[in-house]
Structures are given as structure tokens and as C-alpha cells.
Amino acid sequence: MMNMRQVIIALALVLAGGVMAPSLAYADDCGSAEQCVRNGVNQVSSTGASMTVGDIIKIVVGILLFVLGAVCVVMIVIGGIKYATSQGDQTAVQNAKNTILYSIVGIVVALLAYAAVNFVLTSFASNNSAG
């Protein structure tokens with residue numbers, strides 16, 4: 001049977017493969033190919049919109065939430081493996097249950113933090129646009 005270190009390395013490689021997988025990027029539609037050539041590359045790719053501090057915060061919080069969620073899922077799996085391999089040892093069972101419990105608490109806290117950040121950002125965005 002694989003030891004815990006091998007399981008953790010395998011899970012880390014699977015997660016790293018999912019994080020580093022290529023994603024599609026879509027360019028702005030400039031009409032026909034002739035219009036794209038006439039307008040030039042800068043005019044085609046630029047939408048004229050600039051990012052605000054709120055947009056940057058949303059992106060950073062989204063990335064952190066993804067990473068934290070992935071870590072919590074890995075810890076739940078590790079807790080489940082610990083629980084399954086505890087062989088009736090009460091301290092090992094309690095440690096496995098604590099690992100799973102703290103992972104779930106971590107997910108809940110992360111979701112509450114995400115909701116709080118979005119609430120604050122939308123509140124400031126609505127206040128700034130009104131005034």
C-alpha cells in the first residue's frame with residue numbers, strides 16, 4: 001500500500017496539472033480580416049476599459065479562494081485516508097476527524113470571507129457611482 005507521502009505527492013501533482021492547464025483566450029472581434037489589419041494590433045486588442053482596484057481585489061480573492069478550496073479538498077481526502085487506515089486506534093480516529101472538521105471549517109470561513117469582500121466591493125462601487 002502507498003504511504004502517506006506518496007499519496008500527498010500524487011495529489012499535489014494532480015492539482016498542479018489542473019492549475020497549470022492551458023486556458024482559452026478570446027480576442028476582441030474586429031469584423032473582417034481587412035478591418036483588423038487596417039485598425040492595427042493595438043486598436044484591435046484594446047477595449048479601452050481599465051481595471052479598477054476593486055477588479056484587482058476580486059481577481060486576487062478569487063485566486064486565493066481557489067487555492068484555499070483546493071487545499072481544503074486535499075486535506076479532507078487526507079483526513080479520509082487517515083480515518084480509513086486508523087485500524088481502530090482512537091487517537092488516530094480523533095486526529096482524522098479533526099482534520100476533516102478543520103478542513104470544512106476552512107471552506108466555510110473562506111466562503112464567508114469571499115462574501116464579505118464582494119459585499120464591501122459592491123457597496124463601495126454603488127456609493128462611488130451614485131456620488
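Here are a few short exercises, each with a worked solution, on the predicted model shown above.

**Exercise 1. Confidence along the chain**

Find out which element has the lowest mean pLDDT and which has the highest.

*Solution.* Start with the whole chain: its average pLDDT is 75, and 58% of the residues score at least 70. Next, go through the elements. Helix H3 (residues 41–45) comes lowest, with a mean of 44, and H4 comes highest, with 89. Finally, look at residues 41–46, where the pLDDT is below 50; this stretch has six contacts in the model beyond near neighbours in sequence.

**Exercise 2. The span of helix H4**

Work out what span helix H4 (residues 53–84) should have, and compare it with the model.

*Solution.* First, count the residues: H4 has 32. Then take 1.5 Å for each residue, using one less than the number of residues. The expected span is therefore 46 Å. Last, check the ends: the end C-alpha atoms of H4 lie 46 Å apart, which agrees with the expectation.

**Exercise 3. Buried and open sides of H4**

List the buried residues of H4, then describe the nonpolar surface patch that includes Ile-59.

*Solution.* Begin with the buried residues, which are Gly-54, Val-61, Ala-70, Cys-72, Val-74, Ile-78 and Gly-79. Now turn to Ile-59, which also belongs to H4. Its relative accessible area is 43%, so Ile-59 is partly exposed, since that class runs between 20% and 50%. The patch is made of Met-51, Ile-56, Ile-59, Val-60, Ile-63, Leu-64, Phe-66, Val-67, Val-71 and Met-75, and together they have about 900 Å² of accessible area.

**Exercise 4. Ile-76 and its distant partners**

Identify the residues that Ile-76 touches beyond four places away in sequence.

*Solution.* Place the residue first: Ile-76 sits in helix H4. With a relative accessible area of 29%, Ile-76 is partly exposed. Its contacts are Ile-100, Ser-103, Ile-104 and Ile-107. As a further step, compare backbone positions: Thr-99 is 23 residues from Ile-76 along the chain, yet their C-alpha atoms are 6.9 Å apart.

**Exercise 5. Two loop residues**

Decide whether Ser-86 is buried or exposed, and do likewise for Gln-87.

*Solution.* Locate Ser-86 in the loop between H4 and helix H5 (90–130). Its relative accessible area is 11%, so Ser-86 is buried. Not counting residues up to four places away, Ser-86 touches Ala-92 and Val-93. Gln-87 is in the loop between H4 and H5 too. Gln-87 has a relative accessible area of 79%, so this residue is exposed. To finish, check the backbone: phi of Gln-87 is near 55°, a positive value in a residue other than glycine.

Key:
Residues numbered from 1 in each chain as written. Predicted model: local features only at pLDDT ≥ 70, side-chain atom pairs only at ≥ 80, totals over all residues. Heavy atoms only, no water. Helix = DSSP H or I, 4+ residues; strand = E, 2+ residues; numbered from the N terminus. Buried < 20%, exposed > 50% of the residue type's maximum accessible area, 1.4 Å probe, protein only. Contact = heavy atoms within 4.5 Å. Patch = residues over 30% accessible without salt bridge, like charges linked within 9 Å, V, L, I, M, F, W, Y side chains within 5 Å. Areas by Shrake-Rupley, 256 points an atom, 1.4 Å probe, with all protein chains shown as cover. Salt bridge = Lys/Arg side-chain N within 4 Å of Asp/Glu carboxyl O. pLDDT = per-residue confidence, 0-100.
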